[in-house]
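Student: I would like to learn how to read a model of a protein chain, one feature at a time. Where should we start?

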Amino acid sequence: MNHNTIVQVVLDAITLANHARDQEDQIPLDTNTGLYGVNGHLDSMSLVSLLIEVEEALMDNHGIQISLSDERAMSQANSPFLSVQSLVDYIESLIPKS
């Protein structure tokens, strides 16, 4: 799976999340967008929902089964959930290279 495909999966999940959000609370569709933390657009429950949506899309559309919110993610010095780009990078690190 290439980088652009992973970016699109994450942005598609954000688009779905935006459907349930008020207009003024929309999450920008950009790789620099903050997801969680000080500059983030998501609280912990919204983050979990987004991660589940990404995991399901990877499995359903690409046959890739990964867990994004496991101990490995939580134990990293720099959270992989700070931004769209950090999440994409983390997903890339979990997918076996073919």
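**Reading the model**

Tutor: Start with one residue and its place: S86 is found in helix α4, which covers residues 84–94. Keep in mind that this is a predicted model.

Student: Is S86 buried or exposed?

Tutor: The cut-off for buried is under 20% relative accessible area. S86 has 19%, so S86 is buried.

Student: Which residues does S86 contact, leaving aside its neighbours within four places in sequence?

Tutor: With those neighbours set aside, S86 is in contact with S79, P80 and F81.

Student: Which other residues of α4 are buried?

Tutor: Besides S86, the buried residues in α4 are V84, L87, V88, Y90, I91 and L94. An α-helix has 3.6 residues a turn, so residues three or four places apart point the same way. That is the general idea to bring to such a list.

Student: What do the buried residues of α4 pack against?

Tutor: They pack against α1, α2 and α3, the last of these being residues 71–74.

Student: How does one step back from a helix to the whole chain?

Tutor: List the elements, then their order. The protein chain has four helices and zero strands, and from the N terminus on the elements run α-α-α-α.

Student: Why would one call the radius of gyration in agreement with a compact globule?

Tutor: Compare the expected value with the one computed from the model. For 98 residues a compact globule would have a radius of gyration near 13 Å, and the protein chain has 13 Å, so the two agree. Along its principal axes, the C-alpha trace spans about 40 × 30 × 20 Å.

Student: What do burial and contacts add for the chain as a whole?

Tutor: Buried residues are 36% of the 98 residues in the protein chain. Among contacts with a separation of 6 or more, 50% are between residues 24 or more positions apart. The accessible surface is about 5,900 Å², and carbon and sulfur atoms account for 48% of that.

Student: How do I check the length of a helix, say α1?

Tutor: Use the rise of 1.5 Å a residue. Helix α1, residues 3–19, has 17 residues and should span 24 Å; its end C-alpha atoms are 25 Å apart, so the span agrees with the expectation.

Student: Which residues of α1 are buried, and what covers them?

Tutor: The buried ones are I6, V7, V9, V10, L11, A13, I14 and N18. Their cover includes α2 (44–62) and α4.

Student: What caps the N-terminal end of α1?

Tutor: For a cap, look for a side-chain atom close to a backbone nitrogen at the helix end. Here N2 caps the N-terminal end of α1, with a side-chain oxygen 3.1 Å from the backbone nitrogen of N4. A polar atom of the N2 side chain also lies 2.8 Å from the backbone nitrogen of T5. N2 itself lies in the segment before α1. With a relative accessible area of 47%, N2 is partly exposed.

Student: Which residues touch the most other members of the largest nonpolar core?

Tutor: That core has 28 residues, and those that touch the most other members are V10, I14, V54, L68, L87 and I91. Helices α1, α2 and α4 each supply at least two residues of this core. Helix α1 gives the most, with seven residues.

Student: Which contacts does L68 make, leaving aside its neighbours within four places in sequence?

Tutor: L68 is in contact with L51, V54, E55, A73, F81, L87, Y90, I91 and L94. Among these, L87 and I91 are also in the group of core residues just listed.

Student: Where do the two ends of the chain lie relative to each other?

Tutor: Take residues far apart in sequence and compare their C-alpha atoms. K97 is in the segment after α4, and its C-alpha atom is 8.2 Å from that of M1, although the two are 96 residues apart along the chain. For N2 and K97, 95 residues apart along the chain, the separation is 9.8 Å. K97 is exposed, as its relative accessible area is 69%.

Student: What does the same approach give for N39 in the loop between α1 and α2?

Tutor: The C-alpha atoms of N39 and S83 are separated by 8.7 Å, with their positions 44 residues apart along the chain. N39 has a relative accessible area of 67%, so N39 is exposed.

Key
Residues numbered from 1 in each chain as written. Predicted model: local features only at pLDDT ≥ 70, side-chain atom pairs only at ≥ 80, totals over all residues. Heavy atoms only, no water. Buried < 20%, exposed > 50% of the residue type's maximum accessible area, 1.4 Å probe, protein only. Contact = heavy atoms within 4.5 Å. Expected span 1.5 Å × (residues − 1). Polar contact = N/O pair within 3.5 Å; in protein donor to acceptor, adjacent residues only side chain to side chain. Core = buried A, V, L, I, M, F, W, Y, C linked by side-chain atoms within 4.5 Å. Rg over C-alpha atoms; globule rule 2.2 N^0.38 Å. Areas by Shrake-Rupley, 256 points an atom, 1.4 Å probe, with all protein chains shown as cover.
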